[in-house]
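Let's take a walk through this structure together. Have the sequence and the 3D view open, and we will go element by element.

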Amino acid sequence: MINDQESNLLVLNNTKERTIMTKITELLGIQYPIFQGAMAQISTSQLVAAVSNAGGLGIIASGGMSGEQLKQEIDKTRTLTDKPFAVNVMLMMENCDEIIDVIIANNVKIITTGAGTPKRYMSRLKEANIIVIPVVPSAKLAKKMEDLGVDAVVAEGMEAGGHIGEVATMPLVTAVTNAVTIPVLAAGGIASGKSMAAAFALGASGVQMGTVYLGSEECPIAQEYKNKVIESVETSTVVTGRKNGAPVRTIRNEMTAHYIELENKDVAREELEKLTMGSLTKAVVDGDVENGSLMAGQIVCQVNKLKSVKEIHEEILNDYRKVVLPEL
């Protein structure tokens, strides 16, 4: 068992088996302390199973799904992997009760949560022996989650893709690890062994990545979306929705340019929402890279070649080893 003094140390347990041990890997029974971020319409069984099979924790994004759709994704994932995986619950969804029911009924043992507090569900989740890991944008909320009895938290910085907070990853992870005693995973701007090593230096026990998987062979997005990701540089993303209090980071295109133009004119939120209606589906399914929402983080500049998830993990681990064990 990893004791408290070792909780923030990343230890190479067995070079031959390429296993990394932290409190997160011990808690979840996974090979590497790597989570795949839950991306709506993207984090489905195909990608989730690939990440779990490659030693990380694949996470089904249940946002936008019905209970039956989630059950189907759980069943599909289990046909593709016998490794641990999780379900992400967007707590602002109207059918959240149904989603929780499906998770418990189908014996899912790990969940991550976002867009709210899991407080109303904690007693049921804990009775079902489910590990609960919320995504948090601040140390204050991380502490509240710890007091609620969650098992770990993901501290996600504003470099991430999709819906974001206001604090960058490095100061956020530092603040959160100082505020809580439960394991912390760092997210936002992480796509390499170097950035993973930096996260552990700040006190994290694991990392969560999303954008890096957009360039994977197993990622179920349109090829046009993948091509746009691979072509992007560190300045290719933009944040829309700041004025409305709902900031989202995506790759720049005609839709974001029009959105920002209207936003600067203080157009009503309802009009802006019409502009983005169905935009994620346009990107993910239709491959419309000008009118779709190409969610991606600032680390998109490091995704410059199509690779398998296994290759992505191997490169990250090799890169990490060069940082922490340069003599090997």
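A good place to begin is Gly-203, which comes just after helix α8 and takes a positive phi of about 110°. Keep in mind as you look around that this is a predicted model.

Step back from that glycine into α8 itself, which spans residues 193-201. Its buried residues are Gly-193, Ser-195, Met-196, Ala-197, Ala-199 and Phe-200. An α-helix has 3.6 residues a turn, so residues three or four places apart point the same way. What lies over the buried residues of α8? The cover includes the strands β2 (19-21), β3 (34-36), β10 (184-187) and β11 (206-209), along with the helices α7 (169-179) and α13 (309-324).

Now move to strand β6, residues 110-114, where five of five residues are buried. In a regular strand the side chains alternate between the two faces of the sheet. Here both faces are covered: Ile-110, Thr-112 and Gly-114 are buried on one side, and Ile-111 and Thr-113 are buried on the other.

Which strands flank your view of β6 as pairing partners? One is β5 (residues 85-90), which pairs with β6 in the parallel sense over four bridges. Within this pairing, Val-87 has Ile-111 as its bridge partner. To get from β5 to β6, the chain passes through helix α4 (residues 96-105), making a right-handed β-α-β crossover.

Another partner is β7 (residues 131-136), running parallel to β6 and joined to it by four bridges. There, Thr-112 stands opposite Ile-133. The chain travels from β6 to β7 through helix α5 (residues 122-127), and this β-α-β crossover is right-handed.

How values were computed
Residues are numbered from 1 along each chain as its sequence is written. This is a predicted model: local features need pLDDT of at least 70, side-chain atom pairs count only at pLDDT 80 or more; totals for chains, interfaces and linings use all residues. Side-chain values use heavy atoms; hydrogens and water are left out. Buried means under 20% relative accessible area, exposed over 50%, partly exposed in between (1.4 Å probe, protein chains only). Helices (H or I, at least four residues) and strands (E, at least two) are DSSP runs, numbered from the N terminus. Two strands pair if DSSP finds at least two bridges between them. A crossover is right-handed if, with the strands pointing away from the viewer, the path from the first strand over the helix to the second runs clockwise. Contact means heavy atoms within 4.5 Å.
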